Each structure stands twice: as structure tokens, then as C-alpha cells.
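Take a look at the sequence and the 3D structure below. Then read on for a short tour.

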Amino acid sequence: SSTSSISSTSRSLPDTMQCKEAQSFQTFEQGLQQEVLAWLHGFEVIRWASTCRTLAALPERGRLWEIFLQQEFLGRACGIGDAAGGTQNAAAMYRRRLTITRCKAICWHRLPCRHQLGAREGSPGMFSCRGYLFVYGGWGHGPEADLHVSPLVEPLTLYQVPIAGNGVPPSYEMKVTLLEESETSPTGGTRPALVAISGGYLRGGYHRESSYFGLLEITFPELAASSVECHKQQLPMAQWRSVTRIRPRSNHSATYVPARAAGPFYEQGYLMLFGGNSDGQVSNSVDILDLSTLTWQLNKCTTGCQPPSRNSHSAMLMQTFSGERVVVAGGGSGDDSNAGPPRGGRDFNDVYLLDPQEFKWEVSDAVTARGRGHCAFQLGDSLLAFSGGKMPSLQTVKLSPCSAPCMFTQTQVRAIGADLPGPRSFGGGCSLPDGSLVLFGGWHPYQGTYGDFWIGHVAGCDTYYCSLLCGDCSSMGNAKVRPARRILEFLFVLVRQPGIVLALIALGVQIYSRLF
């Protein structure tokens with residue numbers, strides 16, 4: 001089925017190729033055959049091989065598919081980890097990456113999870129590392145500074161982990177950044193991980209931006225990658241390595257730029273803070289933390305077409321046809337002058353790119369992202385912006401790099417499944433090594449604060465963690481949404497609006513008076 005789906009989308013090739021011509025091609029040396037075929041796309045070779053039995057062995061050549069992976073996909077890690085924590089064979093990897101690149105729909109499943117987080121908004125920080133899922137902070141019973149962790153095994157159970165040392169104060173809308181590159185396999189050894197916690201709001205009502213910046217060190221137990229029982233009995237430990245003061249900032253973005261992309265002036269890379277609210281005003285300033293010296297460069301000078309001041313946006317380092325760029329997408333302009341980030345100002349749906357070495361901005365025309373508080377996921381070479389906005393909706397946009405002047409192509413991605421997450425802003429989310437997408441919490445102006453977990457995958461490309469953590473539920477991905485549930489959700493939204501409730505009461509009184 002994979003071969004037929006790939007073949008149907010390939011561009012025109014000689015379908016009437018005779019077996020005699022194929023046999024002539026087979027007389028070439030394998031190296032020459034490989035050089036000829038490397039001028040094509042992988043899906044074209046699959047179609048070509050399907051026209052004649054003589055060429056049927058072409059798709060089995062692993063080295064050829066490694067070449068296709070390098071040529072057709074921009075990401076440094078061409079593969080996505082499999083269930084065993086390794087990598088798939090090159091041909092299967094190619095098919096998987098092609099399916100993800102052509103993503104048209106995300107299949108969502110409600111993720112069974114035991115936790116004591118409650119309902120949370122305020123952008124709780126989520127990340128996966130060394131086979132564990134982490135959740136930090138956000139707004140629960142006020143600003144929080146707690147760390148919860150679960151091994152990525154079934155059943156998913158989040159435990160609160162104490163953090164040793166004096167750390168940053170509780171906050172929400174802070175940014176949590178893992179200071180290492182995303183993993184391509186579920187386990188990455190037991191070396192410690194460093195996490196940056198920056199800014200946030202210290203008081204309710206989106207007041208008083210935090211001036212604290214903390215480095216959190218997480219150490220992992222010595223475990224075998226497949227040792228499920230050990231995972232449950234031993235959890236990572238956390239301690240504050242350092243806490244310093246920065247410019248007060250909230251609803252900003254904090255992007256890790258590794259040394260490879262940062263250039264020669266930053267030996268260990270840097271952390272880039274962009275935008276957000278500072279002293280009650282929305283901004284578009286850039287602050288840089290040099291990770292080799294842990295010194296700050298405030299108001300870093302940038303050139304080019306600078307983005308307007310914004311907050312509640314996303315910023316992600318991505319590979320483009322012009323090299324690696326920090327992609328800033330969407331956001332809003334809410335601050336103290338107009339009712340704050342969740343309700344004030346207007347939404348942005350534009351996309352800007354920053355060269356991480358030259359610090360030059362470019363705007364990507366003809367593409368749009370999502371508004372304030374959306375969840376941004378890395379999906380292969382693409383950025384997936386889910387929900388968000390002043391009035392959240394269940395819309396998802398995929399931005400994929402291209403060689404055209406606009407630098408990105410845009411695809412509207414549908415949400416499918418037997419059950420779907422509610423529209424939300426200011427929730428938490430992250431990608432898992434196998435390509436799964438995990439979503440938690442968030443806020444809706446009528447439906448309130450969420451405390452649910454969801455896991456999604458590209459439709460037609462089931463993932464290991466989705467099958468593991470959801471069990472039989474993952475097989476229901478293509479089922480239709482239950483109408484009764486949607487009716488109840490609609491009624492729930494109606495009763496949460498006081499004007500509608502009063503109108504229904506008045507109508508009931510009139511009907512009662514006429515009948516009796």
C-alpha cells in the first residue's frame with residue numbers, strides 16, 4: 001500500500017518501458033546504476049521498479065535509499081526512531097519520511113495518564129528526554145514551579161520530582177528550553193540534561209513579569225533502555241545549577257541554537273530570547289545567552305525586515321534551503337494597555353526567519369501561521385502549529401521549507417479520530433522521538449482550563465508510542481466522532497455564557513406563564 005500511494009503521486013516517467021530496456025539497464029555496473037537513479041526521486045524509482053519484474057530489486061538497495069534520504073529531506077536526522085530505539089532500514093525510513101512530509105491530517109487519541117497536575121494553562125513546559133516525558137510549571141492553583149516526570153511506558157504515570165537547591169519562583173508563561181538537540185531515538189544514554197527556565201508571570205491576571213533565569217540539571221538513572229520495571233522504580237533527579245537575574249520578560253520564546261548553527265563566535269551555542277512582554281509592554285527585542293561563558297548580550301543588534309513586537313508566539317530552529325534558520329511564527333500583541341496576552345490586542349499569523357549567525361531577519365510571504373498561544377511541534381522537516389488564537393479553533397497549519405522565494409509552503413492539516421481535543425490556547429506540547437505529538441492542558445475562553453493529555457500521529461503513519469501508550473485505542477483513529485459527545489460539548493459552551501443562560505431562563509419563564 002505504501003508503494004502504491006507513493007507511486008500515484010510521482011511525476012511522469014516512461015510507464016511503457018519494455019523489459020528489454022530494463023534488462024539493458026541491469027547490465028550496467030551497480031555503481032553506474034546508482035549514479036543514474038540518484039538523479040530521480042525515491043518515489044519515482046519505486047514506480048519505475050513496479051513496471052517490470054527485472055527491476056523489482058531496485059528498492060532493496062539500502063545505499064541508494066540513504067542517498068535519497070540525504071537529497072530529499074533537509075533535516076540532519078533523516079530517520080525517526082523505531083520501537084527498539086534504533087533506526088529503521090533506509091527504504092522504510094524513506095517511505096515514513098515521505099508520508100510525514102505529505103501530511104494532510106493528524107490522527108488524535110486521548111492519552112490515558114495518571115497525574116496530579118490538575119487542569120493547567122499558562123503554557124506549562126513540556127519536553128521529552130532519554131525516554132522520559134517532563135512537565136514543568138504553568139498556572140494550576142496559581143503560579144507553579146513543580147517538575148513532573150513519567151517514563152514513556154504504559155501506563156503513563158507522572159510523578160512529581162523534588163528539585164534540590166534554591167530555584168526560580170513559581171511562574172506561568174515562562175519558557176522551558178532543553179539545551180540540547182532533539183533526539184532521534186527514544187533513549188540517549190544517561191548523561192545529564194540541562195534545562196533553561198526563563199521569565200514568566202509571578203502574579204495572577206498576567207501581572208509582574210519575572211526577572212529570574214534558572215539552569216536546571218536533570219540526572220538520569222543507569223537503566224537498560226527496555227527495562228520497564230526499572231523505569232517505574234527509578235526516576236530522574238533534578239537540582240538547580242544556577243539562578244540569575246535577567247530583563248523581566250514573559251510570553252516570549254526561548255530557542256536553543258547549537259554550536260553547529262551558531263557559528264564560530266559561540267563555541268557551545270547560545271539561547272535566544274525573543275519578544276514577549278517586558279514591563280507591561282510588548283516587545284521584539286533579542287537577548288542572547290552565550291552558553292560557553294553564561295554571559296548575556298542584551299538587545300542584540302539585528303538587521304533585515306524585523307518582525308513587529310509580539311508575544312505568545314513560537315520560535316523553532318529549522319533547516320531550510322538557505323541553511324538553518326530560527327522560524328518565528330504567529331503570536332499576539334496583548335499587553336497591559338489592552339487587556340493582556342490572552343484577550344488583548346490582535347493575533348499575528350505571519351512568519352519570520354532569523355539567520356542565527358548573521359542575525360538578519362527575513363519575512364516568508366504568502367504563508368500564515370496560527371495566532372497567540374498555539375502549540376508548535378517539529379514534524380520531520382516541518383513546523384506544525386496547532387490551535388491557538390484569541391478565540392481558539394481546532395485548526396492546524398503545517399509549514400514546510402521549499403526552494404521558492406517565500407521559503408515555505410503551507411498546508412492546512414485536518415484533525416481526525418474517534419475523539420478530538422478541544423480548541424485551546426496556552427497549553428503545553430512536545431514531539432516524541434518517533435514522531436508522536438503530545439498535548440497537555442491549555443485554556444479556552446468558554447470551556448475553561450483543560451487537564452487532559454492527547455497523543456497524535458500523521459494519518460497513515462502509526463507510531464510506536466501511540467500504540468504503546470494508548471493500547472487498543474490507537475486502532476480507533478479513523479472512527480467517526482460520536483455525535484452525542486459533540487452535542488454535549490456544544491451545550492456546555494452555551495451554558496458557560498451568562499447572556500445565553502439568562503435568555504434561556506427568560507424564555508422558560510415566558511413559556512411557563514403562558515401554559516399555566
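The report below goes from the whole chain to single strands and residues.

## Confidence in the model

This is a predicted model. Its average pLDDT is 84, and 80% of the residues score at least 70. Two stretches fall short of 50. Residues 83–87 have a pLDDT below 50. This stretch has six contacts in the model beyond near neighbours in sequence. Residues 474–482 are also below 50 in pLDDT. Here the model shows 20 contacts beyond near neighbours in sequence.

Where pLDDT is low, the predicted coordinates should not be read in detail.

## The whole chain

The protein has 516 residues, and 55% of them count as buried. It contains eleven helices and 34 strands. The exposed surface comes to about 22,600 Å². Carbon and sulfur atoms supply 53% of that area.

How much of the contact list links residues 24 or more positions apart? Counting contacts with a separation of 6 or more, such pairs account for 64%.

## Helix α6

Helix α6 covers residues 90–101, twelve residues in total. Does its length fit the rule of 1.5 Å a residue, or what span should we expect? The expected span is 16 Å. The end C-alpha atoms are 16 Å apart, which agrees.

Nine of the twelve residues of α6 are buried, so the helix is largely enclosed by the rest of the structure. Among the buried residues are Ala90, Ala91, Met93 and Tyr94. Arg95, Arg96 and Arg97 are buried too, as are Leu98 and Ile100.

## Strand β1 and its two partners

Strand β1 runs over residues 105–110. Five of its six residues are buried, so to speak of it as mostly covered is fair. β1 pairs with β29 (residues 408–416) in the parallel sense, over three bridges. β1 also pairs with β34 (residues 453–458), and those two run antiparallel, joined by five bridges.

Ile106 shows both pairings. In β29, Ala415 stands opposite Ile106. In β34, the bridge partner of Ile106 is Val458.

## A five-stranded sheet

One open sheet has five strands in the order β21-β25-β24-β23-β22, with mixed pairing. Which strands stand at the edges? They are β21 (303–304) and β22 (314–320). Each has a single partner strand, so one side of each is left without a neighbour in the sheet.

Now look at β24. Six of its eight residues are buried. β24 (residues 347–354) pairs with β23 (residues 323–332) in the antiparallel sense, over six bridges. Val327 stands opposite Leu353, and Val328 has Tyr352 as its bridge partner. In a regular strand the side chains alternate between the two faces of the sheet. β24 also pairs with β25 (residues 360–363), again antiparallel, over three bridges. Leu354 has Trp361 as its bridge partner there. β24 and β25 form a hairpin with five residues between them. In the turn, Phe359 has a positive phi of about 55°.

## Unusual backbone spots

Most residues other than glycine have a negative phi, and most peptide bonds are trans. Some loops here depart from that pattern. The peptide bond from Glu154 to Pro155 is cis, with omega near 0°. Pro155 lies in the loop between β5 (142–151) and β6 (156–157).

Tyr206 has a positive phi, near 60°. Its loop joins β11 (201–203) and β12 (207–209). Tyr206 counts as buried because its relative accessibility is 12%, under the 20% cut-off. Asn251 also has a positive phi, near 55°. Asn251 sits in the loop between β14 (237–245) and β15 (253–257). Is Asn251 buried or exposed? Asn251 is buried, with a relative accessible area of 0%.

## Cysteines

How many disulfides does a search of the whole structure find? The search finds zero. Why does Cys461 have no bond to the closest cysteine sulfur? That sulfur is in Cys103, 9.3 Å from the sulfur of Cys461, which is too far for a bond.

Cys461 counts as buried, because its relative accessibility is 8%. Cys305 counts as partly exposed, because its relative accessibility is 38%.

Definitions and conventions. Residues are numbered from 1 along each chain as its sequence is written. Side-chain values use heavy atoms; hydrogens and water are left out. Helices (H or I, at least four residues) and strands (E, at least two) are DSSP runs, numbered from the N terminus. The expected span of a helix is 1.5 Å times one less than its number of residues. Buried means under 20% relative accessible area, exposed over 50%, partly exposed in between (1.4 Å probe, protein chains only). pLDDT is the predictor's confidence in each residue, from 0 to 100. Contact means heavy atoms within 4.5 Å. Accessible areas come from the Shrake-Rupley method with a 1.4 Å probe; for residues, only the protein chains shown count as cover. A disulfide is a pair of cysteine sulfur atoms within 2.5 Å. Two strands pair if DSSP finds at least two bridges between them.
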